[in-house]
Amino acid sequence: MNETEKPKRVSPTASEYINDNFKPSDRVAILVLNRNLGETAQRITTAQKAASPEFQAWLRYKNANGADIYVGMNPLKQDASTRTKDDIETIRHLYVDLDHDGSAALEGIKNSDLVPQPNYVLNTSPGKFQVVWKAEGVTLEEAEALQHAMVREFGGDPAATDSTRVLRLPGFANKKYDQDFYVKAHAESTQIYHLRDFKVPIDSQDAPLHHNQEIARNRPLPGNTLSQSEHDWAYAKRALARGDEPEEVIRRIADYRTGEKPDPEYYARHTVQKAKTALESGKARNEPARAGREEETEMGHDQRGLP
């Protein structure tokens, strides 16, 4: 990388990171997820507003009170109110999440001639990284196929390959651990890349797939007799029964299970479809009522204090 390519800012703030990765008018999704309270809040707004002092102050407040802060890496359509693949306006970034042997995997990426120098490397927790490349002229299908290929090549997280994925926003604490770990982004390049700049072999197994079965096995939640999937199914059933939009229920479940399921969006969509079928057939009344009550608390959609 020559001198003209070196970024001026090495460790950007959250506002600087947003401003550098998006146009002011881009509509971006900001996800606020409090696992302890079982609350999720998603705001879809312009990048300019997301980077504003007022919005950042709200995010700092939520983070200080236990919420993790994420940003969707691809802009959404102007009329989008959800974060699905149909809502993606354009592919602006490619990424890989290194959650296993992260330091070695990151070194492999930096020393590889199969991928260009990343624009950003985010240190999200001890030994774990998210690697981001700015891109243009890449279709959604090409992006997901390439991200699958990079996971296969470098050992990344297969859950972080869909175009709707949210990544951590630098400058905020990772709340998944006993002690806060503040996410830092390190700028590596200012280039914007095209598909031709990536030499990672892409074959049919790397194409985006609608999985026919879940890779991760369901596990019981501590202190409960129902499995994780049964809890999610119960929540979906109750949400649909009270008139919530299916796409919104899908988005809530996918957000809540981010990091736990290989393909959170597919898992959520499948869960909601099963709940819808059960409601229509009248089988839902056989589900224990208490499961629904617990899930409404766990999956509560927090709208309080939104700017």
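In which strand is the place of Ala173? The legends below, for close-up views of a predicted model, begin with the overall picture and then take up this residue.

**Figure 1. Overview of the predicted model, a protein with 9 helices and 10 strands.** Of the 307 residues in the protein, 54% are buried. Among contacts with a separation of 6 or more, 72% are accounted for by residues 24 or more positions apart. The mean pLDDT of the protein is 82, and 79% of the residues reach 70 or more. Two stretches with low values are treated in the last figure.

**Figure 2. Surroundings of Ala173 in strand E8.** Strand E8, which spans residues 173–174, is the place of Ala173. The relative accessible area of Ala173 is 1%; Ala173 therefore falls in the buried class, for which the value must be under 20%. Leaving out residues up to four places away in sequence, Ala173 touches Asn63, Asp68, Asp180, Phe181 and Tyr182. Gly66 lies 107 residues from Ala173 along the chain, yet the C-alpha atoms of the two are separated by 8.9 Å.

**Figure 3. Surroundings of Thr45 in strand E2.** Strand E2 covers residues 39–46 and contains Thr45. With a relative accessibility of 7%, Thr45 is buried. Residues up to four places away in sequence aside, Thr45 touches Asp26, Arg27 and Val28, together with Ala50 and Phe55.

**Figure 4. Surroundings of Val131 in strand E6.** Val131 belongs to strand E6, residues 128–134. The relative accessibility of Val131 is 0%, so this residue counts as buried. Apart from neighbours within four places in sequence, the contacts of Val131 are Leu94, Tyr95, Val96, Leu98, Leu106, Ile109, Pro118, Tyr120 and Val121. From C-alpha to C-alpha, Val131 and Gly156 are 9.9 Å apart in space, with their positions 25 residues apart in sequence.

**Figure 5. Backbone at Asp101, in the loop between strand E4 and helix H4.** This loop joins strand E4 (93–98) to helix H4 (102–111). Most residues other than glycine have a negative phi. Asp101, although not a glycine, has a positive phi of about 50 degrees. Is Asp101 buried or exposed? With a relative accessibility of 53%, Asp101 counts as exposed, because the exposed class takes values over 50%.

**Figure 6. Packing of helix H6 against helix H8.** Helix H6 (residues 228–241) and helix H8 (residues 264–281) have axes 8 Å apart and pack at an angle of about 60 degrees. The two helices are therefore oblique to each other. Their crossing is right-handed. On the H6 side, the contact involves Gln228, Ser229, Asp232, Trp233, Ala236, Lys237, Leu240 and Ala241. These meet Tyr267, Thr271, Val272, Lys274, Ala275, Lys276, Ala278 and Leu279 in H8. By class, the contact of H6 with H8 has 9 nonpolar, 3 polar and 4 charged residues.

**Figure 7. Packing of helix H6 against helix H7.** The axes of H6 and helix H7 (residues 246–256) are 10 Å apart, and the packing angle is about 150 degrees. Angles over 145 degrees count as roughly antiparallel, which means that H6 is roughly antiparallel to H7. H6 passes H7 in a right-handed crossing. Asp232, Tyr235, Ala236, Ala239 and Leu240 of H6 meet Pro246, Val249, Arg252 and Ile253 of H7. The contact of H6 with H7 has 7 nonpolar residues and 2 charged ones, with no polar residues.

**Figure 8. Packing of helix H7 against helix H8.** H7 and H8 cross at roughly 130 degrees, and their axes come within 8 Å. This angle makes H7 oblique to H8. The crossing is right-handed. H7 contributes Pro246, Glu247, Val249, Ile250, Ile253 and Ala254 to the contact, and H8 contributes Pro264, Glu265, Tyr267, Ala268, Arg269, Thr271 and Val272. By class, there are 9 nonpolar, 1 polar and 3 charged residues in the contact of H7 with H8.

**Figure 9. Stretches with pLDDT under 50, including residues 209–224.** Over residues 209–224, the model has 25 contacts beyond four places in sequence. Residues 283–307 also have pLDDT below 50, and in the model this stretch has 62 contacts beyond near neighbours in sequence. Where pLDDT is low, the predicted coordinates should not be read in detail.

How values were computed: Residues numbered from 1 in each chain as written. Predicted model: local features only at pLDDT ≥ 70, side-chain atom pairs only at ≥ 80, totals over all residues. Heavy atoms only, no water. Helix = DSSP H or I, 4+ residues; strand = E, 2+ residues; numbered from the N terminus. Buried < 20%, exposed > 50% of the residue type's maximum accessible area, 1.4 Å probe, protein only. Contact = heavy atoms within 4.5 Å. pLDDT = per-residue confidence, 0-100. Axes fitted to C-alpha atoms, helices over the stretch in contact; angles between N-to-C directions. Parallel < 35°, antiparallel > 145°, perpendicular 65-115°, else oblique. Left-handed = near helix turned anticlockwise from the far one by under 90°. Nonpolar A, V, L, I, M, F, W, Y, C, P; charged D, E, K, R; others polar.
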